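User: I am new to this structure. Please teach me how to read it, feature by feature.

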Amino acid sequence: MTAGPINPTNLNTLKGASTVAIKTGDKIENLSLYDSEKELRNINEWSGKRVLIAFFPGAFTGVCDNELCSLDSFSSFLDDLDAAVIGVSVDSPFVLKNWSEQTKTNITFLSDYNREWIDHLGVEFNDLGGLSGYRVANRVVIIIEADCTVSYRWDPERPGVLQDYDALKPKLP
């Protein structure tokens, strides 16, 4: 099943559905989440640019800290391509702000505390750290092109596996 464009109308009809996994070729449009400053941000703000969305389970965890270092380095590569990096987790905006300040990163963090994006984009991971019922984002990477089309999606088997950002560079002309 192809999800088609994801927008607020589709999200409302998907509420009762299980997970819709966004695939290469699908469009992602008009989705909003709060950033670390508690400002509502819409994915359309970056239309016309390539966007790398890096989902991660949670701030202040060892693997996520390592990924943040890799992403921060990779974001300078993406700047040269006029692209943006967005990090998304289920952490609150308050936690993401603190993490951003402590790590001194320039990445935009969005809070999916209601788990809307992880449910509807198919990036959910259950029972993280053996905590029954603890639902977080898996460490999924999605690249959206300037026309809102997904050109790349990487899904690890488990959140402890990191994307090799250096291997991703040749796929970004």
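**Contacts and cores**

Analyst: Setting aside neighbours within four places in sequence, I43 is in contact with I28, E29, N30, L31, I53, I86, W117 and I144. Keep in mind that this is a predicted model.

User: Which residues of the largest nonpolar core touch the most other members?

Analyst: The general idea comes first. In soluble globular proteins, nonpolar side chains tend to be buried together. Now the case here. The largest nonpolar core has 25 residues. Those touching the most other members are I28, I43, I53, F55, V88, W117 and I144. At least two core residues come from each of β3 (50-55), β4, α4 (116-121), β7 (135-137) and β8 (141-144). Another core lies apart from this one. That second core has 19 residues, among them A54, A59, A83 and F109.

User: Now salt bridges. How many does the structure hold?

Analyst: Side chains of opposite charge can pair when their charged atoms come close. This structure holds 8 salt bridges. Take R41. The side chain of R41 meets that of D35 in a salt bridge, at 3.1 Å from N to O. R41 also forms a salt bridge with E45, where the closest N and O atoms are 2.8 Å apart.

User: Are D35 and E45 buried or exposed?

Analyst: Read the relative accessible area. D35 has 7% relative accessibility, so D35 counts as buried. E45 is partly exposed because its relative accessible area is 44%.

User: What about R153 and D155?

Analyst: Their side chains meet in a salt bridge too, at 2.6 Å from N to O. R153 has a relative accessible area of 18%, so R153 is buried; the cut-off for buried is under 20%. D155 is partly exposed, at 40%. Back to the earlier pairs: salt bridges that share partners join D35, R41 and E45 into one network.

User: Next, empty space. How many cavities of 30 Å³ or more are there?

Analyst: There are 2 cavities of 30 Å³ or more. The largest cavity has a volume of about 50 Å³.

User: Which residues line the largest cavity?

Analyst: The lining is made of I28, I43, N44, W46, S47, K49, V51, I144, E145, A146 and C148. Sort a lining by residue class to see its character. This one divides into 7 nonpolar, 2 polar and 2 charged residues. Some names return: I28, I43 and I144 line the cavity, and I28, I43 and I144 also belong to the largest nonpolar core.

User: And the largest pocket: what is its volume, and what lines it?

Analyst: The volume of the largest pocket is about 180 Å³. Its lining has 12 residues. Nearest the centre lie S75, D79, V85, N106 and I107. The elements giving two or more residues to the lining are α2 (62-80) and β4 (83-89). The largest share, 5 residues, comes from α2. By class, the pocket lining has 6 nonpolar, 4 polar and 2 charged residues.

User: Last, a loop residue. Where is D82 placed?

Analyst: D82 sits in the loop between α2 and β4. With a relative accessible area of 48%, D82 is partly exposed. Read loops in space as well as along the chain. D82 and G48 are 34 residues apart along the chain, and their C-alpha atoms are separated by 9.5 Å.

User: Which residues is D82 in contact with, leaving aside neighbours within four places in sequence?

Analyst: D82 is in contact with K49 and R50. K49 also appears in the lining of the largest cavity.

Notes
Residues numbered from 1 in each chain as written. Predicted model: local features only at pLDDT ≥ 70, side-chain atom pairs only at ≥ 80, totals over all residues. Heavy atoms only, no water. 1 Å grid on protein atoms, 1.4 Å probe; cavity = no way out; pocket = protein on both sides within 12 Å on 5 of 7 lines; lining within 4 Å. Points joined across faces, edges and corners; volume = space filled by probe spheres on them. Nonpolar A, V, L, I, M, F, W, Y, C, P; charged D, E, K, R; others polar. Helix = DSSP H or I, 4+ residues; strand = E, 2+ residues; numbered from the N terminus. Salt bridge = Lys/Arg side-chain N within 4 Å of Asp/Glu carboxyl O. Buried < 20%, exposed > 50% of the residue type's maximum accessible area, 1.4 Å probe, protein only. Core = buried A, V, L, I, M, F, W, Y, C linked by side-chain atoms within 4.5 Å. Contact = heavy atoms within 4.5 Å.
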